[in-house]
Amino acid sequence: MHIAEGFLPPVHAAAWTAAAAPFVVHGVASLTRAVRADPDAKLLLGASGAFCFVLSALKIPSVTGSCSHPTGVGLGAVLFRPPVMAALGTITLLFQALLLAHGGLTTLGANVFSMAVVGPWVGYAAYRAVRALTARMSESASLGAGVFAAAFAASLSTYTVTSLQLALAFPDAAGGVGGAFVKFASIFSITQVPLSVIEGLVTVVIVRLLTTVGRDQLLRLGVLRGSGPAQPATSGEAV
Amino acid sequence: MSTETEGRARPRAWATWALVAVAAALAALPLLIGAGSHLEEPFAGADGQAEETIQEIAPSYEPWFSPLYEAPSGEIESGLFALQAAVGAGIIGYALGVLRTRRRAGPAPEPADPGGGDGRAPAADS
């Protein structure tokens, strides 16, 4: 989903940067607030950012015969809500733009908008929807389904937004923006379907591990629903 | 993994391993069925394909900015990618290790009550 350096016309590059900037600023503020409110959360915040770092470094082959990479933004969106991922995702994209020549500074705004803004929000929406729909299932099944949906939707929507961004910048001579979108989406989105499934599964695995070792943290974040062994659900904040 | 029967909803280890296996199989499948073998450049990056499509649609478009730093060879680039993954994996491993140790040490000085239900903790304080 990295739009390469210089591959968006200046006006588009500026517009996407302007669109992404407020989300990133808000994201950094949410990040600092989350750390201040609960210094213990640093551990999982770090893990969420690191997960994004790992997954976006992995190029995975797809049935379309091309390779692409997952985004890893679904986990943090579920654990800490989407704004935090706007900050963490931007760090990842900046690293890749500066050191790996993947993406770029002029296209950073567009890439941030797809991977660190739209992806996490769509993923979070999918998570909430699935959690509501599966509320009657066992907590572990419901959480697994919700997390899978979040990661899958975040990954796929990221690439769909990238396709749209490119289509807007480079409308097809014959088919216009729609025609170009089909072309770009057939490269990005279709390749991404199996990768999104993989990303969903891997994210579920991480959350299962976290549930095993960090149950209290997940309860405190409200990711795991309470009703644990005799814990009254009073949300008293003692610091 | 320990199989304590404490409370409910402790994920089963075998199911976790099964998920890992399915993910690995999905990643390996395209290679096994030779999904890329009909292509000139099998398993090329989608990012690069998009660049080609841009040049098809707008042949006159010239990228107006180039990366500040470009790895001088594929080796160095793959090294940096490995570094990215290694740093991330290290942090995740550290976090899991710390959490596990804390859990083993027992319910020690946990300051805050778990906010049950939909209430999320990091909201109050500023």
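In what order do the elements of chain A run from the N terminus on? In this predicted model, for which local features need pLDDT of at least 70, side-chain atom pairs count only at pLDDT 80 or more and totals for chains, interfaces and linings use all residues, they run α-α-β-β-α-α-α-α-α-α. Residues are numbered from 1 along each chain as its sequence is written, chains are lettered from A and ligands numbered from 1 in the order in which they are written, and side-chain values use heavy atoms, with hydrogens and water left out.

The secondary structure of chain A comes to 8 helices and 2 strands, where helices (H or I, at least four residues) and strands (E, at least two) are DSSP runs numbered from the N terminus. Of its 239 residues, 65% count as buried, a term that stands for under 20% relative accessible area, with exposed meaning over 50% and partly exposed the range in between (1.4 Å probe, protein chains only). With contact taken as heavy atoms within 4.5 Å, residues 24 or more positions apart account for 73% of the contacts in chain A that have a separation of 6 or more.

Two helices of chain A were compared with their expected span, which is 1.5 Å times one less than the number of residues. For the 14 residues of H2(A) a span of 20 Å is expected, and the end C-alpha atoms are 20 Å apart, which agrees. Because 12 of these 14 residues are buried, H2(A) is largely enclosed by the rest of the structure; the buried residues include Leu43(A), Phe51(A), Cys52(A) and Phe53(A). For the 38 residues of H7(A) the expected span is 56 Å, and the end C-alpha atoms lie 52 Å apart, which agrees. H7(A) nevertheless has a kink of about 45°, centred on Ala185(A), the bend at a residue being the angle between axes fitted to the seven residues ending there and the seven starting there. In helix H1 (residues 10-37) of chain A is found Ala14(A), which counts as partly exposed at 47% relative accessibility. The C-alpha atoms of Ala14(A) and Ala110(A) are 8.8 Å apart in space, although the two residues are 96 apart in sequence.

Over all chains, the structure holds 10 aromatic pairs, in which rings of Phe, Tyr and Trp (its six-membered ring) have centres within 6.5 Å, with planes under 30 degrees apart counted as stacked, over 60 as edge-to-face and the rest as tilted. One of them joins Tyr159(A) and Phe188(A), whose ring centres are 5.8 Å apart and whose planes stand at 55°, so the pair is tilted. This pair links distant parts of the chain, as Tyr159(A) lies in helix H6 (residues 139-169) and Phe188(A), 29 residues apart from it, in helix H7 (residues 176-213). Both Tyr159(A) and Phe188(A) are buried. Ring pairs also link Phe7(A), Phe170(A) and Tyr61(B) into a cluster.

A search of the whole structure finds 6 salt bridges over all chains, each defined as a side-chain nitrogen of Lys or Arg within 4 Å of a carboxyl oxygen of Asp or Glu. The side chains of Asp38(A) and Arg220(A) meet in one of them, at 3.2 Å from N to O. Asp38(A) lies in the loop between H1 and helix H2 (42-55) and Arg220(A) in helix H8 (residues 215-221), so the pair ties together parts of chain A that are 182 residues apart in sequence. Asp38(A) and Arg220(A) are both buried. A salt bridge is also formed by Glu139(A) and Arg225(A), with the closest N and O atoms 3.4 Å apart; Glu139(A) lies in helix H6 and Arg225(A) in the segment after H8, so parts of chain A that are 86 residues apart in sequence are tied together. Glu139(A) is buried, with a relative accessible area of 6%, whereas Arg225(A), at 25% relative accessibility, counts as partly exposed.

Between the chains, 91 residues of chain A are in contact with 74 residues of chain B. The area buried between chain A and chain B, that is, the accessible area (1.4 Å probe) that two parts lose on being put together, summed over both, is about 7500 Å², of which carbon and sulfur atoms give 68%. Across this interface the rule finds 1 salt bridge. Asp40(A) forms a salt bridge with Arg102(B), the closest N and O atoms being 3.4 Å apart, and a network of salt bridges links Asp38(A), Asp40(A), Arg220(A) and Arg102(B).
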